[in-house]
Amino acid sequence: MTVETDEPGWEVDPDDEWGVAVIATVGRQLKLRREAVGMRAADFGVAVGYGEDLVYKVEGGKRIPRQEYLDRADEVLGAGGLIAATWEDVKKVRYPKKVRELGKLEAKAVEIGGYECNIIAGLLQTPEHARAAIEAAQPPYSQDDVDRMVAGRIARQSVFERDPAPAISFVLEEAPLRRPLGGTMVWRQQLERLLEVGRLRNVSLQVMPTHREVHSGLDGRIELLKFADGTAVGRCDGVFNGRPVSDPKQLRVLELQYGTIRAQALPPGESLAFIEQLLGET
């Protein structure tokens with residue numbers, strides 16, 4: 001069997017205490033199972049199709065295994081599904097801590113609102129666009145970090161599959177829509193994705209034209225999440241030091257700002273027509 005060169009997983013964030021604990025526990029279980037059947041790490045690596053170094057990293061809690069690794073390990077060690085079942089715990093910590101926390105909030109929200117001034121909102125990005133945006137960062141992220149961040153960003157998009165669906169609204173600036181990030185093909189696919197999402201019944205997608213004499217979004221990005229119990233949380237880059245807020249008085253400030261931005265942007269129908277026009281120009 002040929003040993004794979006790409007390692008099936010991501011490095012564990014040492015600041016993510018829960019993630020560290022989960023991966024360490026799974027790693028110990030794998031090591032105990034392997035030793036119980038009398039298999040050396042090198043032989044086990046060959047059997048599952050990965051290198052010996054990767055085996056030690058997973059067993060030592062230094063690497064987050066992917067589902068196919070756990071499934072293959074279960075077969076090789078004859079664990080009867082016990083190792084494969086650990087994926088239910090692993091998948092909860094496979095993305096960065098901040099992404100997981102945001103994803104949990106979005107999964108509970110009945111209303112989601114967002115204004116982006118420099119990029120296309122992460123919930124709207126294609127995998128290719130997300131990768132191009134993350135790889136453009138300076139100083140650059142490691143390839144391992146890039147892969148993990150892209151996967152986490154795309155996983156959040158399961159919010160569009162929820163039933164009942166939340167009410168979602170976006171306001172995007174014109175400039176990022178015109179930027180061919182990742183090349184023409186990636187750019188076209190991203191514009192097509194915006195049209196696809198913007199046509200969903202529960203989604204309102206608006207474009208803020210660059211040519212606007214009055215613009216209330218100069219403070220930066222805004223995020224607003226409202227929940228079924230009447231509570232809410234919001235954040236703005238330029239207000240309240242950019243920290244998340246849930247106090248009703250502070251939330252009203254963000255709601256006023258976001259509402260004003262939406263009023264200044266193109267209506268949803270005109271916004272989709274604008275994106276279609278851009279797509280025709282690519």
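# Briefing: pockets, an aromatic cluster and two cis peptide bonds

The chain folds into 12 helices and 7 strands. Please keep in mind that this is a predicted model. There are 282 residues in the chain, and 45% of them count as buried. Along its principal axes, the C-alpha trace spans about 70 × 45 × 35 Å. Below you will find the pockets, then helix α8, the aromatic rings, and finally the cis peptide bonds.

**The largest pocket**

- If you are looking for a place to start, the largest pocket has a volume of about 1,100 Å³.
- Its lining is made up of 36 residues, and those nearest the centre of the pocket are L102, R156, R221, E223 and R235.
- Helices and strands both take part in this lining: at least two residues each come from α6 (97-108), β3 (109-116), α7, α8, β6 (222-227) and β7 (232-236).
- Helix α6 gives the largest share of the lining of the largest pocket, with 7 residues.
- Sorted by class, the lining of the largest pocket holds 20 nonpolar, 4 polar and 12 charged residues.

**The second largest pocket**

- The second largest pocket has a volume of about 380 Å³.
- This pocket is lined by 17 residues, with R100, G103, K104, A155 and S158 the closest to its centre.
- Two elements, α6 and α8, give two or more residues to the lining of the second largest pocket.
- Here too α6 provides the largest share of the lining, in this case 6 residues.
- By class, the second largest pocket is lined by 6 nonpolar, 3 polar and 8 charged residues.
- For a reader comparing the two sites, α6 and α8 are among the elements that supply at least two residues to the largest pocket, and α6 and α8 also supply two or more to the second largest.

**Helix α8**

- Helix α8 has 13 residues and runs 18 Å from its first C-alpha to its last, close to the 18 Å expected at 1.5 Å a residue.
- The buried residues of α8 are D144, V146, R148, V150, G152 and R153.
- V150 is one of the residues of helix α8, and its relative accessible area of 6% makes V150 buried, because the cut-off for buried is under 20%.
- V150 and S169 are 19 residues apart along the chain, and their C-alpha atoms are separated by 22 Å.

**Aromatic rings**

- A search of the whole structure turns up 2 aromatic pairs.
- One of them joins F44 and Y69, with 6.4 Å from centre to centre and 80° between the planes, an edge-to-face arrangement.
- F44 sits in helix α2 (residues 41-48) and Y69 in helix α4 (residues 67-77), so this pair ties together parts that are 25 residues apart in sequence.
- Both partners are buried: F44 has a relative accessibility of 2%, and Y69 has a relative accessible area of 1%.
- The rings of Y50 and Y69 also pair, and they count as tilted because their planes meet at 50°, with the ring centres 5.9 Å apart.
- Y50 lies in the loop between α2 and α3 (52-59) while Y69 is in helix α4, so the tilted pair links parts 19 residues apart in sequence.
- Y50 counts as buried as well, at 13% relative accessibility.
- Taken together, F44, Y50 and Y69 make up one aromatic cluster.
- Elsewhere, K108 lies over the face of F227, at 5.9 Å from the ring centre.

**Cis peptide bonds**

- Q138 and P139 are joined by a cis peptide bond, with omega at about -5°.
- P139 belongs to the loop between α7 (127-135) and α8 (143-155).
- D163 and P164 are likewise joined by a cis peptide bond, with omega at about 5°.
- P164 is in the loop between α8 and β4 (167-173).
- Helix α8 is thus a handy landmark when you look for these prolines: P139 lies in the loop between α7 and α8, and P164 in the loop between α8 and β4.

Note on methods: Residues numbered from 1 in each chain as written. Predicted model: local features only at pLDDT ≥ 70, side-chain atom pairs only at ≥ 80, totals over all residues. Heavy atoms only, no water. Phe/Tyr/Trp six-rings, centres within 6.5 Å; stacked < 30°, edge-to-face > 60°. Helix = DSSP H or I, 4+ residues; strand = E, 2+ residues; numbered from the N terminus. Buried < 20%, exposed > 50% of the residue type's maximum accessible area, 1.4 Å probe, protein only. Lys NZ or Arg CZ within 6 Å of the ring centre and 35° of its normal. 1 Å grid on protein atoms, 1.4 Å probe; cavity = no way out; pocket = protein on both sides within 12 Å on 5 of 7 lines; lining within 4 Å. Points joined across faces, edges and corners; volume = space filled by probe spheres on them. Nonpolar A, V, L, I, M, F, W, Y, C, P; charged D, E, K, R; others polar. Expected span 1.5 Å × (residues − 1).
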